[in-house]
Amino acid sequence: MTLPRDQASVDPAEVAKFEAMAAEWWDPNGKFKPLHEMNPCRLDYLTAQIAGEFDRDLSKPQPFAGLRVLDIGCGGGLLSEPMARLGAEVTGIDAGGENIPVARAHAEAQGLEIDYRHTSAEALVNEGAVFDVVMSLEVIEHVSDPAAFLQVCAALVRPGGLFLCSTLNRTPKSFAAAIVGAEWVMRWLPKGTHDWSKFRTPEELAAMIDATGLETVDRKGMVFDPIRWNWSLSDRDLSVNYAMAAVRPA
Amino acid sequence: MDNGAGRGIFGRMSNDTNIAIVGGGLAGGATALALARAGLSVTLLDAAPRAVLDDPAFDGRSYAMALASTRLLRNLGLWDALEAHAQPMQEIKVTDGRVGDAAVALGLHFDAAELEEGPMGYMIEDRHLRRAMLDRLDATPGITIRNETRVTGQSVGDSGATLTLADGTTLSADLVVGADGRQSGTAQRAGIGRTGWDYPQTALVCAIAHERPHHGVAHQLFLPSGPLAILPLTGNRSSIVWSERRGLAEEIDRLSDAEYLSVLRPRFGDFLGEISLAGARYTYPLNLTLAQSFTAPRVALVGDAAHGIHPIAGQGLNAGLRDVAALAHVLTAARRRGEAIGSDAVLDRYARWRRFDTAALGMATDLFNRLFSNDSALLRTARDLGMMAVNRLPSLRRGFMREAAGLNGDLPDLMARDMT
């Protein structure tokens with residue numbers, strides 16, 4: 001695995017700035033609070049799907065040892081780090097170049113080895129890279145051509161490998177929760193973070209995934225309970241946030 | 001590739017242990033067992049020398065373990081050693097009695113026959129619990145016990161905390177658990193303040209042997225001076241927890257055993273026949289101390305370090321074990337997800353879970369004590385009416401019983417079901 005060791009050439013003032021941003025990404029009560037609150041639920045989904053597909057026991061140390069995992073849209077590394085801690089060889093890519101040194105700084109402080117790159121999924125396809133697991137969470141609703149994006153993601157999954165994604169449904173409830181609630185009322189997210197008309201229903205997403213040659217194998221809702229103030233997985237309620245798993249036939 | 005918690009990169013050493021527990025008492029020991037069960041490496045630091053295991057003499061100390069707590073002990077593998085020594089509490093009788101009052105007309109009566117889960121709890125002697133705990137700690141891989149090890153310093157970094165020990169060496173951990181009691185040095189070093197207050201009362205504790213059998217009935221008598229509990233031990237023995245005004249308690253404490261018994265005897269009548277002392281006598285000035293937070297960066301508090309409550313209903317150790325079970329629940333889930341177990345995000349979940357429960361318990365216990373330690377006619381009438389209402393309403397009564405059994409609220413896995 002190539003290790004990004006270009007920090008040596010970076011100006012110390014820049015490093016300090018990235019460390020401050022890393023602190024922001026990783027502050028559970030900071031700017032990314034909603035993501036932190038949702039993260040355990042997302043990780044429950046990801047770890048259960050990966051463990052199931054590759055027959056791994058989550059109660060054992062390093063259950064994902066030997067698995068190559070790609071995290072598309074890795075941000076500060078909120079998913080990449082747990083995957084690495086579970087033993088996976090993780091590559092994290094992000095189109096936002098400023099996130100990469102931030103994620104690197106944090107992983108380094110944690111003693112985790114993660115290959116973070118400022119690159120695109122298309123570029124990885126051109127390199128001929130393939131992975132056991134490709135994940136892209138809360139990304140699809142931000143890309144201009146989801147069908148084309150999913151084609152690229154699918155091309156990175158090896159035969160017998162797993163693709164995992166999550167996004168927002170297009171329902172009146174998701175408009176109320178994600179736009180009115182999260183952006184306008186609670187100000188959890190900056191206004192304009194989401195464009196509701198770009199949201200895809202589970203049926204639309206499944207059809208797009210199946211068109212890539214992958215086979216969708218699971219879908220679950222991620223439901224926020226404002227009384228208990230936590231997120232949980234649901235088999236039935238996919239009306240706002242949901243996640244999906246697909247495999248490439250071997 | 002192996003790049004997890006065991007080993008760092010960039011030449012960085014990873015932490016010496018996942019969890020450093022400060023304090024080797026019952027809360028610390030239970031934490032060690034619960035976290036080792038989750039696959040974490042644990043180092044247990046105790047300032048005291050190693051306890052002598054083969055010291056079976058009864059010293060008079062015992063615990064009223066709620067059903068939820070006994071489930072935890074079962075899941076931690078202690079129950080096989082304890083079962084033969086545990087006295088089930090089949091019934092609890094609550095009496096608003098004044099010394100000399102004959103009738104128990106307005107008493108409360110809780111019978112485990114109304115509770116599907118079985119007895120509301122068990123009485124377990126300290127010597128048996130400690131011995132079972134030490135045996136289990138010794139037999140559990142992944143637990144390192146360091147006796148006569150005092151912590152003198154504590155610092156927090158990006159990937160863990162470092163403890164400085166009295167011998168000048170250091171120990172780094174992903175998370176430090178403070179199980180070091182009411183005067184928790186761990187809390188102090190983490191900058192966690194405490195609030196609390198003293199009660200003008202002192203608890204007198206002793207064990208008695210009695211002529212007649214107790215039939216597994218626990219009695220709680222509310223006397224004008226304070227509450228008196230008679231809790232059944234195995235055989236014809238009971239544990240007495242008895243509160244008096246501080247000055248009077250000090251006088252009673254100075255009495256000879258025979259004089260002590262002559263003061264105690266009229267307070268609960270003669271329904272158990274002749275009584276004699278069956279162990280040492282203890283006194284505990286009553287006070288309540290709450291840590292202002294359950295957590296600090298890389299630090300979590302459990303047991304008395306987080307909340308030392310009035311021992312009025314034997315809820316102190318039970319509340320401590322509930323901390324242990326909740327912390328184990330949160331950390332087990334976090335570890336399986338690959339989260340950093342000592343991170344703020346993970347510790348926040350533990351703090352939020354326990355904060356509400358504990359504040360409510362401290363306040364309820366305090367209120368209960370104030371209400372029942374008062375001899376004003378008005379309060380007496382109010383509580384008698386309240387007891388009558390509880391007795392007449394089975395649903396309300398079951399609610400109280402489930403509370404006493406520790407079954408109410410959001411139960412951590414280790415207390416919710418048998419996981420052995």
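Which residues in helix 2 of chain A are buried? I would like to begin there, and I should say at once that what we are looking at is a predicted model. In helix 2 of chain A, the buried residues are Met38(A), Asn39(A), Pro40(A), Cys41(A), Arg42(A), Leu43(A), Tyr45(A), Leu46(A), Thr47(A), Gln49(A) and Ile50(A).

Let us stay with this helix for a moment. Helix 2 of chain A has 22 residues, and from its first C-alpha to its last it reaches 31 Å, which is close to the 32 Å expected at 1.5 Å a residue. Even so, there is a kink of about 40° at Asn39(A), shortly before the proline Pro40(A). After the helix comes Asp55(A), whose phi is positive, near 55°.

Now to the place where the two chains meet. Chain A gives 24 residues to the contact, and chain B gives 21 residues. On the side of chain A that touches chain B, helix 2 (33–54), helix 3 (80–85) and helix 4 (99–110) of chain A each supply at least two residues. The helix we have just discussed, helix 2 of chain A, provides the largest share of that side, five residues. If you sort the residues on this side of chain A by character, you find 12 nonpolar, seven polar and five charged.

Next, the interior. In soluble globular proteins, nonpolar side chains tend to be buried together. The largest nonpolar core in this model holds 106 residues, and the members that touch the most other members are Ile21(B), Leu35(B), Ala300(B) and Val302(B). Helix 8 (residues 315–337) of chain B gives the largest share of this core, 10 residues. Take Ala300(B) as an example: leaving aside residues up to four places away in sequence, Ala300(B) touches Leu175(B), Val177(B), Phe294(B), Thr295(B), Leu327(B), Leu347(B) and Tyr350(B). There is also a second, separate core of 63 residues, which includes Met38(A), Ala84(A), Phe131(A) and Ala154(A). You may recall Met38(A) from the buried residues of helix 2 of chain A.

Let me turn to chain B as a whole. Chain B has 12 helices and 20 strands, and of its 420 residues, 48% count as buried. Among contacts in chain B between residues at least 6 apart in sequence, 75% join residues at least 24 apart.

A smaller example from chain B is Pro119(B), which sits in the loop between strand 6 (108–111) and strand 7 (121–125) of chain B. Is Pro119(B) buried or partly exposed? Pro119(B) counts as partly exposed, because it has 18 C-beta neighbours inside 10 Å, whereas a buried residue needs 20 or more. Pro119(B) and Glu91(B) are 28 residues apart in sequence, and their C-alpha atoms are 7.8 Å apart in space.

Finally, a word on confidence. The model scores ipTM 0.86 and pTM 0.86. For chain A the mean pLDDT is 88, with 92% of residues reaching 70 or more, and for chain B the mean is 83, with 78% reaching 70 or more. Within chain A, confidence is lowest in helix 1 (residues 12–25), at a mean of 68, and highest in strand 1 (residues 68–72), at 98. Over residues 1–10 of chain A, pLDDT stays under 50, and the model has eight contacts beyond four places in sequence for them. Over residues 1–13 of chain B, pLDDT also stays under 50, and there the model has 26 such contacts beyond four places in sequence.

Conventions
Residues numbered from 1 in each chain as written. Chains lettered and ligands numbered in written order. Predicted model: local features only at pLDDT ≥ 70, side-chain atom pairs only at ≥ 80, totals over all residues. Contact = placed C-beta atoms within 7 Å. Helix = DSSP H or I, 4+ residues; strand = E, 2+ residues; numbered from the N terminus. Nonpolar A, V, L, I, M, F, W, Y, C, P; charged D, E, K, R; others polar. Core = buried A, V, L, I, M, F, W, Y, C linked by C-beta atoms within 7 Å. Buried ≥ 20, exposed ≤ 12 C-beta atoms within 10 Å, placed from the backbone. Expected span 1.5 Å × (residues − 1). Bend = angle between axes of the 7 residues up to and from the residue. pLDDT = per-residue confidence, 0-100.
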